[in-house]
Amino acid sequence: MTAHTVEYIRYRIPEQKSAEFLAAYTRAAAQLAASPHCVDYELARCEEDFEHYVLRITWTSTEDHLEGFRKSELFADFFAEIRPYVTHIEEMRHYKPTVVRGAGASVPTLYAWAGGAEAFSRLTSVFYDKVVKDDLLAPLFAHLDPDHAEHVALWLSEVFGGPPAYSETQGGHGHMVAKHLGRGITEPQRRRWVNLIQDAADEAGLPTDAEFRSAFVAYVEWGTRLAVYFSGPDAVPPAEQPVPRWNWGSAPPYQG
């Protein structure tokens, strides 16, 4: 969960050169897309003053940009396209994200879409009722804490965009990881866990639309595969990290 570096390049391009500028960056963008050091990029044009442009490039790190991309074969072709506009640059700097961040309400969180705290409480109640009766998973939960289901409900609620109740009462990502150390979870057990929580989601009445379920299953796959790794003999516990925040990914909710 290392924070990436965001580079901002601010241009002032005379309107008569705007078409050729956009064409040049369209060609140059192919080199960004091909770079393993580039996470994403976007060129935006000011609505109030058409001469102003801002190019945002997210790099895996500042060093990867300066030592990786700029010293790669890709940079030569990239720079050849944008060289005529270097004198039009007003700012070119790297920025690191701060803790001030969040999402607006234009797109609901997965937590809200699912039905909030009550929905995740129902989910984990149904799920762990299945787990303790399952021949493959029951041994992993032989000494299940009475509050375990509710703690997992808090975890899932926070992961999917709800309040930080798990972080405030239990800890961050490292606390959850610690619960899996040395447990020796097998792939068949992981797969059963995935199947049962999907069955529990159906029975608990969580939304069945394709967008929500694809995001839900994506997290379940990611989380359970990490659990298998951290339960193994060669696992290296991570540094303390915040609870991950999951979002809609490629498909936001369909609202016809």
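Biologist: Which residues lie nearest the centre of the largest pocket?
Modeller: Happy to start there, and please keep in mind that this is a predicted model. The largest pocket has a volume of about 1400 Å³, and 35 residues line it. Those nearest its centre are R101, P244, R245, W246 and N247.

Biologist: Which elements give two or more residues to that lining of the largest pocket?
Modeller: By class, the lining has 18 nonpolar, twelve polar and five charged residues. The elements that give two or more residues to the lining of this pocket are strands: β2 (38–45) and β3 (52–59).

Biologist: Thanks! Which residues are the closest to the centre of the second largest pocket?
Modeller: The second largest pocket has a volume of about 730 Å³. Its lining is made up of 33 residues, and by class these are 21 nonpolar, eight polar and four charged. The closest to the centre are Y128, F141, M176, H180 and W193.

Biologist: Which element supplies the largest share of the lining of the second largest pocket?
Modeller: Four helices each supply at least two residues of this lining: α6 (148–159), α8 (173–178), α9 (187–203) and α10 (210–230). Nine residues make up the largest share, and the element they come from is α10.

Biologist: And enclosed space: how many cavities of 30 Å³ or more are there?
Modeller: A good thing to ask of any model, because rolling a probe the size of a water molecule over the atoms shows where empty space is left. The largest cavity holds about 30 Å³ of space. With 30 Å³ as the cut-off, the count comes to one cavity.

Biologist: Which element gives the most to the lining of the largest cavity?
Modeller: H148, H151, V152, Y166, M176 and K179 line the largest cavity. By class, that lining has three nonpolar, two polar and one charged residues. M176 also appears among the residues closest to the centre of the second largest pocket. With three residues, the element that gives the most to the cavity lining is α6.

Biologist: I also like to check cysteines: is C38 buried or exposed?
Modeller: The cut-off for buried is under 20% relative accessible area. C38 has a relative accessible area of 13%, so C38 is buried.

Biologist: What about C46: buried, partly exposed or exposed?
Modeller: Partly exposed covers what lies between under 20% and over 50%. The relative accessible area of C46 is 25%, so C46 is partly exposed.

Biologist: Last one: how many disulfides does the structure hold?
Modeller: A disulfide needs a pair of cysteine sulfur atoms within 2.5 Å. By that cut-off, the number of disulfides in the structure is zero.

Definitions and conventions
Residues are numbered from 1 along each chain as its sequence is written. This is a predicted model: local features need pLDDT of at least 70, side-chain atom pairs count only at pLDDT 80 or more; totals for chains, interfaces and linings use all residues. Side-chain values use heavy atoms; hydrogens and water are left out. Buried means under 20% relative accessible area, exposed over 50%, partly exposed in between (1.4 Å probe, protein chains only). On a 1 Å grid over the protein atoms alone, a cavity is a set of points where a 1.4 Å probe fits but cannot get out, and a pocket is an open set with protein on both sides within 12 Å along at least five of seven lines; lining residues have an atom within 4 Å of a point. Grid points are joined across faces, edges and corners, and a volume is the space filled by probe spheres set on the points. Ala, Val, Leu, Ile, Met, Phe, Trp, Tyr, Cys and Pro count as nonpolar, Asp, Glu, Lys and Arg as charged, and the others, Gly among them, as polar.
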